[in-house]
Amino acid sequence: MLQDIFISLTTLALLGVLMLPRVRDARAWRATVTPLASIIGSGFLVLGPILSHSYGQYAPMMMLFLCLAAYAFGAAIRFNIANIAVRPNRSAPERRTEYFASWALSLAYCISVAYYLNLFGAFAVKMTPLNSPAMAKAVTSAVLLLILSVGWLRGFSAMEKMEQAAVSLKLAIIGGLLAGLSVYFFHQADQGQLTFSAPSQTGWTGMALAFGLIITVQGFETSRYLGDEYKPEMRIRSMRYAQWLATAIYMAYVILLTYAFDAKTVPLTETAIVDMMKIVSILLPALLIVAALSAQFSAAIADTSGAGGLVEELSGGRVSPRMAYLMLVLIGLGLTWFSNVFQIISFASKAFAYYYALQCGIASVGAFREAKAPVRGTAFALFGILAVAVLFFGQPVEGTASSAAG
């Protein structure tokens, strides 16, 4: 009972702070919230169980690797933001590469919407009598069609207004989750019951699996496209702040989860975190489902809108946002019924890796030719090679039958 009260008070206190006008309306915080919400969005809920199942006691090390890889890709994008601000007249090869990168990002958005909404469907039916893979896919399909109808008929302005409130609620619930996990962790430590399990994935197989999880720490690149609202310095700073804060949250979460639970006692599904949190508190499962639904829906709306705008711009207006929404929903329906969530995570990771590889290429060329910074140019080239490795070698997680297509 005391633990449930502590979780409730922590969640409410954080929500109250995040909703204060001086916090909510602070320019630096608003710029930081956009990438932060994407980084610790839907991936947050699935990543902890995946890492603890796959890497055992070494899960925190793999989490650190993912965060460092994301920070490296972010460094390349931050360089491009600064470089374009100083040298807007870029070379033809840079402009062409940026064009292909933008198309890659629009494809990544299409896949990530399917990823978000498949998690939405799984969490929506989790604690109901209708809990089954087919019903989860049916819910996902219904939401995809709802998004298409709203985008086609009315645009997204109505639903976009929900985004900031949803983000604040999600961050507050994550704070409550970490508070509950901390209490449980120290209780287990006091009883001498912390677990240090052996990894089930090692060597190249383990690394290939990690490559397939890059999307779970993706989202920082959204700062790159806030140019209409924020100056380059603010966008760069907001991305750094978002990645630092997300890394701290992810590391605390994975450390607490890995050593407080024997993850292998819970089947690895997309909603495994709900089953694990039942042990900690009677409140957390319901709170996590609320967080999951708000996170997935707001992220899906944002990426659908982003994909529509990108496709219209890149096609020179030949493809309208409406047609882009239709293509996105058709891709989403195909992925929903012919793949499972873990496969979609891998597909999305590859799509974002392609985008990051191109951004690293642009940054490397800019560092060598324009900024006269060969060390940075070499580093960005190496980051690009890492992104290519993710693209070609990333592998999906092998979940249980409850995640299987159909």
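## Salt bridges, exposure and overall architecture of the predicted model

In the predicted model, Lys 278 has a relative accessibility of 48% and therefore counts as partly exposed, since this class covers values that are neither under 20% nor over 50%. Lys 278 takes part in a salt bridge with Asp 275, in which the closest N and O atoms are 3.4 Å apart. Through shared partners, salt bridges connect Lys 126, Asp 275 and Lys 278 in one network. Within this network, Asp 275 is partly exposed, because its relative accessibility is 23%. Lys 126, by contrast, counts as buried because its relative accessibility is 14%.

The other link of the network joins the side chains of Asp 275 and Lys 126, with an N to O distance of 3.0 Å. Asp 275 belongs to helix H12, which spans residues 272-277, while Lys 126 is located in the loop between H6 and H7; the salt bridge therefore ties together parts of the chain that lie 149 residues apart in sequence.

The total count of salt bridges is 3. One of them pairs Glu 98 with Arg 224, and the closest N and O atoms of this pair are separated by 3.0 Å. Because Glu 98 sits in helix H6 (residues 92-125) and Arg 224 in the loop between helix H10 (203-211) and helix H11 (232-260), this pair ties together parts 126 residues apart in sequence. Both Glu 98 and Arg 224 are buried.

The wider architecture was examined next. The protein chain contains 16 helices and 0 strands. Its C-alpha atoms occupy a box of roughly 60 × 50 × 45 Å along the principal axes. For a chain of 406 residues, a compact globule would be expected to have a radius of gyration near 22 Å; the value for the protein chain is 21 Å, so the two agree. Of the 406 residues, 54% are buried. Among contacts with a sequence separation of 6 or more, 84% are between residues 24 or more positions apart. The exposed area of the protein chain is about 16800 Å², of which carbon and sulfur atoms contribute 67%.

Cysteine residues were also considered. A search of the whole structure gives 0 disulfides. Cys 67 accordingly forms none: the nearest cysteine sulfur belongs to Cys 360 and lies 17 Å away, whereas a disulfide requires sulfur atoms within 2.5 Å. With a relative accessible area of 7%, Cys 67 is buried. Cys 110 is likewise buried, its relative accessible area being 10%.

At the start of the chain, a nonpolar surface patch is formed by Met 1, Leu 2, Ile 5 and Leu 9, which together have about 500 Å² of accessible area. Leu 2, one of these residues, is part of helix H1, which covers residues 2-19. Its relative accessibility of 72% is the reason Leu 2 counts as exposed.

Pro 133 is situated in helix H7, which comprises residues 133-153. The relative accessibility of Pro 133 is 29%, so this residue counts as partly exposed. Although Pro 133 and Asn 340 are 207 residues apart in sequence, their C-alpha atoms are 9.3 Å apart in space.

Gln 188 is located in helix H9, which runs over residues 163-190. A relative accessibility of 9% means that Gln 188 counts as buried. When neighbours within four places in sequence are set aside, Gln 188 makes contact with Gln 193, Leu 194 and Ala 260.

Phe 196 is found in the loop between H9 and H10. Unlike the buried Gln 188, Phe 196 counts as exposed, because its relative accessibility is 54%. Phe 196 touches Gln 57 and Tyr 259, residues up to four places away in sequence being left out of the count. The C-alpha atoms of Phe 196 and Gln 218 are separated by 28 Å, with these positions 22 residues apart along the chain when counted as sequence separation.

Methods: Residues are numbered from 1 along each chain as its sequence is written. This is a predicted model: local features need pLDDT of at least 70, side-chain atom pairs count only at pLDDT 80 or more; totals for chains, interfaces and linings use all residues. Side-chain values use heavy atoms; hydrogens and water are left out. Helices (H or I, at least four residues) and strands (E, at least two) are DSSP runs, numbered from the N terminus. Buried means under 20% relative accessible area, exposed over 50%, partly exposed in between (1.4 Å probe, protein chains only). Contact means heavy atoms within 4.5 Å. Patches are made of residues with over 30% relative accessible area and no salt bridge: like charges are joined within 9 Å, nonpolar side chains (Val, Leu, Ile, Met, Phe, Trp, Tyr) within 5 Å. Accessible areas come from the Shrake-Rupley method with a 1.4 Å probe; for residues, only the protein chains shown count as cover. A salt bridge is a side-chain nitrogen of Lys or Arg within 4 Å of a carboxyl oxygen of Asp or Glu. The radius of gyration is taken over C-alpha atoms; the globule rule is 2.2 Å times the number of residues to the power 0.38.
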